[in-house]
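This report describes selected features of one protein chain, from its overall make-up to individual helices and residues. Please consult the sequence and model shown below while reading.

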Amino acid sequence: MGFKGYRGLGLMLLAFVLVLTACGDNNNNAKNSEPSKAAVSSKEAGSSAPSSDPVKLSIMWWGSDARHEATLKALDIYTKQKPNVTFKPEYVAWDAFWAKLPTLAASKSMTDVLQMDAAYIQEYVAKGTLADLSDLDLAGIVDPAVIENLKIDGKLYGVPLSQNAQGIAFNKPELEAAGIELPRKDWTWEEYFEFGRKAKEKLPEGKYAINDTSNIWDWYQWYQTANGGKPLMTDGGKTFTLDKDLFMKYQTTFAELRKEKAVPPADKQVAFLENDPTADPMASGVVMTRGATTGSVSALEQLMPGKVDVVNIPTGSAGGGWAQSTIFLAVSADSKNLEQSKAFVKWFVSDKEAGQALGLTRGIPINPEIYAALEPTLEPKDKLGKKIYDVALDKALPFYPIAAGFTEWVDTFKATMESVMFGQMEIEDAYEKLNKLGNEIAAKAK
C-alpha cells in the first residue's frame, strides 16, 4: 500500500541506536583518502562509521541473468574500493526469493542486505525484520519528496533503487493514420472512455482503442483513488474500502462500452497475453493502447519498434496513477554488520562506477547524476521508460499494492468481474460479493 497511509509495526533496535549515537561524532571529519583502510565518513554511511576490520556481507536479490551479472560486477567494484569487505551473494528468481524469505525472517537469519519490493516491505517492517535506515544521508541522491513518501511511521526501511511509474502505451502511427486524436498528458477518466468511443468510429472492424480492464483490480483502484476514494486496502489490510458508487459507475461504463463494441469482446479480452508477439493486445494490432510501466514498456517497444508512445494513467480530482520507486535495498534488523551494510546500501545508489555497471537492470536509476551519465548510451526503448515516469510524476498518487492476506480477494475480483463480462452475473451482485469478502479478510487482519 501507499507508505504514508499505513502503520507499520517495525521494532526500534534501541541498543543499536545508543551505540550509533555514542560513537557517531568520532569520525565526522575523517578523510577517506584510503578507502581500504580508513573508516567511511558519517556523511557517507549515516551517523556512525563502519569498522575497517575484515567483514563478509551476505546479500540476496531476485531478477534476470542480466541483473545478476551486473550486480556481481558492482560487488567486485565495492571490494576493490574497500578490500576489507567481501560478499556472500545469493540470487534467485522472483518466486524463489519470496518462497525462501519468510523462513529466513522467522529464523532471524536473513542476509545482511536484501532486495525488497513495495508489495512486501510493509509486511516485513511489521515483523520487525528490517533495520531503520533513516540516518543515512541521501541528499543529492534521492529526491527528499520521494524519501518522505516511502517512510513507514516516519522511518525509512529501504533505500529506493530506481524510478518506476504506471502509464499507458499507445500505437502512435496507427492512431494517426486513422485520424484519431492522440492521448494527451493528464487526460481524465471521462476523456479516456470517450477516446475509446470516438476511436471505434474510425477504426476498422475488430480493432479497438482501449482494453476492457473491468476485471483488473488495480485498474479499478486507480479509478477509485483518482476520484477521491480511499485505497481498497489500508492499515496493513485491516481496513477495506470498496466505494459502491464509484464501483458501480466504473463497471457500468465498461458494460456500456461492451454493448457499443468499443472494447474487445470478453472471449478475446481474456485471451490476451502481454508481450507475446501474436497475443499481446497492442503488438497483435488489435488494441491501440495498453497499460505499461517504466520497466515493462521496453519489451513492448521491442515488439513494435518505433511505434510506441506513452501517456499517464487517466486522472481524477485527486490525481491519477502512481510514480515512485517500488524496489529497494534493505538491511536485516538482525545483521551483525549493521553499519557496514548501511554504508554499502548508500554506496550502491551513489557510486558512479557502480552505476555504470548496474545500468538499467533495476530500472531508471534513482540517482539523477547516474541516469544523466547513462542517458547518452540509452536505446529508444529505455528512454520510453523514463518518459512514463516523467509524464506520470506531477499527478501521481502513492503506489498501493495488495495488502497481506488479500490474494484471495484479488483472484476473486478477476473471476467475478469476468463473470460480469460474460453476462453471467449482475454488477451489483458482484459488488456485494467482493465487498463482503474484502471486509471478512480485513476483520481477520484485525
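## Overall make-up

Of the 446 residues of the chain, 53% count as buried. The model is a predicted one. Its chain comprises 18 helices and 12 strands. Among contacts with a separation of 6 or more, 74% are accounted for by residues 24 or more positions apart.

## Packing of helix 9 and helix 10

Two packed helices are described by the angle between their axes and the distance between the axes. For helix 9 (residues 217-226) and helix 10 (residues 244-259), the angle is about 125° and the axes are 10 Å apart. Helix 9 is therefore oblique to helix 10. The crossing of these two helices is right-handed.

On the side of helix 9, the contact is made by Trp-219, Tyr-220, Tyr-223 and Gln-224. Helix 10 contributes Leu-246, Phe-247, Lys-249 and Tyr-250. By character, the residues of this contact divide into six nonpolar, one polar and one charged.

## Helix 18 and its surroundings

Helix 18 (residues 427-445) contains 19 residues, which at 1.5 Å a residue should span 27 Å. Its end C-alpha atoms are 27 Å apart, so the expected span and the model agree.

The buried residues of helix 18 are Ile-427, Ala-430, Tyr-431, Leu-434, Asn-435, Leu-437, Gly-438, Ile-441 and Ala-442. The elements covering these buried residues include strand 8 (239-240), helix 10 and helix 17.

## Thr-416 in helix 17

Thr-416 is located in helix 17 (residues 407-421). With a relative accessible area of 2%, Thr-416 is under the 20% cut-off and therefore counts as buried.

When residues up to four places away in sequence are not counted, Thr-416 touches Met-425, Ala-430, Lys-433 and Leu-434. Of these partners, Ala-430 and Leu-434 are also listed among the buried residues of helix 18.

## Val-286 in a loop

Val-286 belongs to the loop between helix 11 (266-269) and strand 9 (289-293). The relative accessible area of Val-286 is 15%, so this loop residue is buried.

Leaving aside neighbours within four places in sequence, the residues in contact with Val-286 are Gly-206, Lys-207, Tyr-208, Lys-268, Phe-272 and Pro-281. Val-286 and Glu-205 are 81 residues apart along the chain, and their C-alpha atoms are separated by 9.8 Å.

Definitions and conventions: Residues are numbered from 1 along each chain as its sequence is written. This is a predicted model: local features need pLDDT of at least 70, side-chain atom pairs count only at pLDDT 80 or more; totals for chains, interfaces and linings use all residues. Side-chain values use heavy atoms; hydrogens and water are left out. Axes are lines fitted to C-alpha atoms, for helices over the stretch in contact, and angles run from 0 to 180 degrees between N-to-C directions. Helices (H or I, at least four residues) and strands (E, at least two) are DSSP runs, numbered from the N terminus. Angles under 35 degrees count as roughly parallel, over 145 as roughly antiparallel, 65 to 115 as roughly perpendicular and the rest as oblique. A crossing is left-handed if the near helix is turned anticlockwise from the far one by less than a right angle, and right-handed if clockwise. Contact means heavy atoms within 4.5 Å. Ala, Val, Leu, Ile, Met, Phe, Trp, Tyr, Cys and Pro count as nonpolar, Asp, Glu, Lys and Arg as charged, and the others, Gly among them, as polar. Buried means under 20% relative accessible area, exposed over 50%, partly exposed in between (1.4 Å probe, protein chains only). The expected span of a helix is 1.5 Å times one less than its number of residues.
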